[in-house]
Each structure stands twice: as structure tokens, then as C-alpha cells.
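Colleague: I have not looked at this one before. Can you walk me through it?

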Amino acid sequence: MQQQTITKEPLLSSPIKRLGLELAAVSEAAAIASAEWIGAGKKIEADAAATNAMRERLNHMPMEGIVVIGEGELDEAPMLYIGERLGAGDGPQVDIAVDPLEGTSLVADGLDNSLSVIALAPRGCLLHAPDTYMEKLAVGPEAAGKIDITAPISYNLKQVAKALGKDVRELTVMIQNRPRHSMAIEEIRAAGAKVALFQEGDVSCSIATAMRASSVDMFYGIGGAPEGVVSAVALHCLGGELQGRLLPENKEQADRCLLMGVKPGISLYMNDFIRSDDCLFAATGITDSMLLSGVRRTNTGFSVHTMLCTGLDKQVYFLRNHSAGSRTHLTVIS
Ligand code: VTB
């Protein structure tokens, strides 16, 4: 793999893009903090560590930020709640979507696939979604524009196969291992495609559809709406596509969807999730995943891997940060 030392030049073209490296440092700090809790069986402590670290770093960033996707809804959580204002001011006005610990049970149980995730966009440009379930369908760049969440899965499989120049039997679809997906799993298998089940963490699985090195062709399933919004920002930068539909489980949740301006059940497309190219996405591995290696303790500190995606020029930077005492060495891996 080609390695180079990072310079800030490629990231300097817009006030938001200029925040890229700092955003990577935010997800790194959260990942390192929660990594202390890997395998300790303590979801709440792991999440609080990630959230505290993320909040602390965000408040040093030169921006005026508002959390639109957060750890709690409308002031209900102690920190990083929807509506919380963050940043040191003196910079662009932005919407912030955070998932400081994507996969709390994974970290508690010492399992793969946990990430720390954050996304930024100009103020007013990110979908405001409550913490309800969302049906999601995601694909990489070749099949972007060819899918339809309102159509049967078999139709979407045919569309993806055609776009990728494959047979449906050669496709792999990632789907969370939950009873609510049993019919979808049957439908995928009946169409002849392969099902790859995962336990938790649909952000990495949906983004994997857009990574050439992965064998994931399509992502489908019902998971968290907040995870859908952050995944859509990453896929926007990577040229992929995510479509979704909010699926509130009761009237109270349905009312919250309406309060945030989204009608339950209507199809949400990329320009509903993210209404600007000038966006950023950063994810740091906590435990290992298809996208990123997890946090490693070294003799002198930590080694962490981060993926930074920029929407304006559709770039993805893989960064390795190796801290040794008070010095850190940041390397762009590819
Ligand atoms: C979903 C998924 C997340 O948790 O929210 C899931 O989007 C919860 O699913 O990525 P259940 O309610 O079935 O447990 C994650 O997998 C991890 O936060």
C-alpha cells in the first residue's frame, strides 16, 4: 500500500473541508476512549467514554455546530443531544451527526465491527431524524440510481446485478441477523443471492457496498434512523446511494418523526438525507471491521485507523495515527 505523510493542502478548499483533519481527530479521540472498555461488558460506560471524548474535541473546533443526529433526542441525554451547540465559534455554521460508539454491545462483548462515527454538513443540510427504526437499502457507485426501496427485493437484486455485470447468484447482500428480517432473507435466498448476516453495526456494512475491496454488493435492513443518516453522508462522498423509510413503532415515535419534519413511511432519497456536496464523514475503528482496523495499544501509546471522506471532491483518505508519548505521526495510507 502506498504511504505518504499528510499535508493540509488537499483539504484546504472550503471552510468545511478544512475541518477534515480535525474531524478525524474527533472520531479518533472517541475511539481511543471507548477502546478502554472493549470486552468489559459495560455498554453504558463505553458509550459515555466515547461521547465525552467526542464532545470535548468538538468544542475545540473552529465552527458553530448544532447536533442534529445525536446521542439523545431534544435535550434528553446529558451530552451530544439533538439541538446541542458545539464548537469554538469563529468558523462555518454546520449541522453535526454523531454516533460516538456505533455498536455499544460489540464493544461491551469484545466483538468486531464497532466504529466511532461523525459527519458534518452546512447548517440546514442534514436530515433531522428521530431515534426510530428505518428501513434502508444501500448500494455502491455502480448501482447508484438503479435501486428503488418501494420495489421488491428481487427487483433490486436484478438491478444491482445488471449494474455490476454479475449474475444475481454472484451477489452478496448484508443484512442484520434479526427475526424482523426473516422474510427479506428468504426472498434474497430465493432469488439466488448470498446472504451475509451481521450481528450489529449497520454503518460499516452499508458503507462496505461502496468499497471496491469488499465483497458486499447490497445492504438491506431495518435499523436505526440515525445510523442511516451518517451512512448516507459517507455514501454521498463515495458515490453510492442509500434510500430509507422511517418505521416508527408507535404513535409517540410517529409524532416525533412529524415534529422533525419527516413523514413516516415516505421514501427518503440521497437529497433528503444530505443537501450539499460540502460535507465530511469520519469513522475510526474501535474493534476491527471490514472498513478499518481497531484501536491497538502500542508500547508508547495507540495506533488508530480512520477513514475520512470529503463530499466536494469525492475523496476518501485512510489515515493511520500512531501516537508515541506526546507526539503523533499521521500517515495517509491510501
Ligand atoms: C440498529 C443498527 C445499529 O444497532 O440500530 C441496531 O442500525 C439495533 O438493532 O447499527 P436492534 O434494535 O435489533 O438491537 C446497531 O446494530 C448498532 O448500534
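Modeller: We can go from the whole chain to two helix pairs and then to a single residue.

Modeller: This is a predicted model, where local features need pLDDT of at least 70, side-chain atom pairs count only at pLDDT 80 or more, and totals for chains, interfaces and linings use all residues. Residues are numbered from 1 along each chain as its sequence is written, and side-chain values use heavy atoms, with hydrogens and water left out.

Colleague: How many helices and strands are in the chain?

Modeller: The chain has 9 helices and 15 strands. These are DSSP runs numbered from the N terminus, helices being H or I with at least four residues and strands E with at least two.

Colleague: And what radius of gyration does the chain have?

Modeller: It is 19 Å, which agrees with the value near 20 Å for a compact globule of 334 residues. The radius is taken over C-alpha atoms, and the globule rule is 2.2 Å times the number of residues to the power 0.38. The C-alpha trace spans about 55 × 45 × 45 Å along its principal axes.

Colleague: What share of the residues is buried?

Modeller: Buried residues make up 58% of the 334. Buried means under 20% relative accessible area, with a 1.4 Å probe and protein chains only.

Colleague: Now the helices. At what angle do α1 and α2 pack?

Modeller: Helix α1 (residues 20-35) and helix α2 (residues 43-58) pack at about 150°, with their axes 7 Å apart. Axes are lines fitted to C-alpha atoms, for helices over the stretch in contact, and angles run from 0 to 180 degrees between N-to-C directions. The two are therefore roughly antiparallel, a term for angles over 145 degrees.

Colleague: Which kinds of residue make that contact?

Modeller: The residues of the contact of α1 with α2 divide into 11 nonpolar, 2 polar and 1 charged. Nonpolar covers Ala, Val, Leu, Ile, Met, Phe, Trp, Tyr, Cys and Pro, charged covers Asp, Glu, Lys and Arg, and polar covers the others, Gly among them.

Colleague: What about α4 and α5, where do they meet?

Modeller: Ile 153, Ser 154 and Leu 157 of α4 meet Ala 184, Glu 187 and Ile 188 of α5. Contact means heavy atoms within 4.5 Å.

Colleague: Different topic: is Pro 122 buried or exposed?

Modeller: Pro 122 has 18% relative accessibility, so it counts as buried. Pro 122 lies in strand β5 (residues 115-122).

Colleague: Which residues does Pro 122 touch?

Modeller: Not counting residues up to four places away in sequence, Pro 122 touches Ile 16, Gln 93, Val 94, Asp 95, Ser 276 and Asp 278.

Methods:
Angles under 35 degrees count as roughly parallel, over 145 as roughly antiparallel, 65 to 115 as roughly perpendicular and the rest as oblique. Buried means under 20% relative accessible area, exposed over 50%, partly exposed in between (1.4 Å probe, protein chains only).
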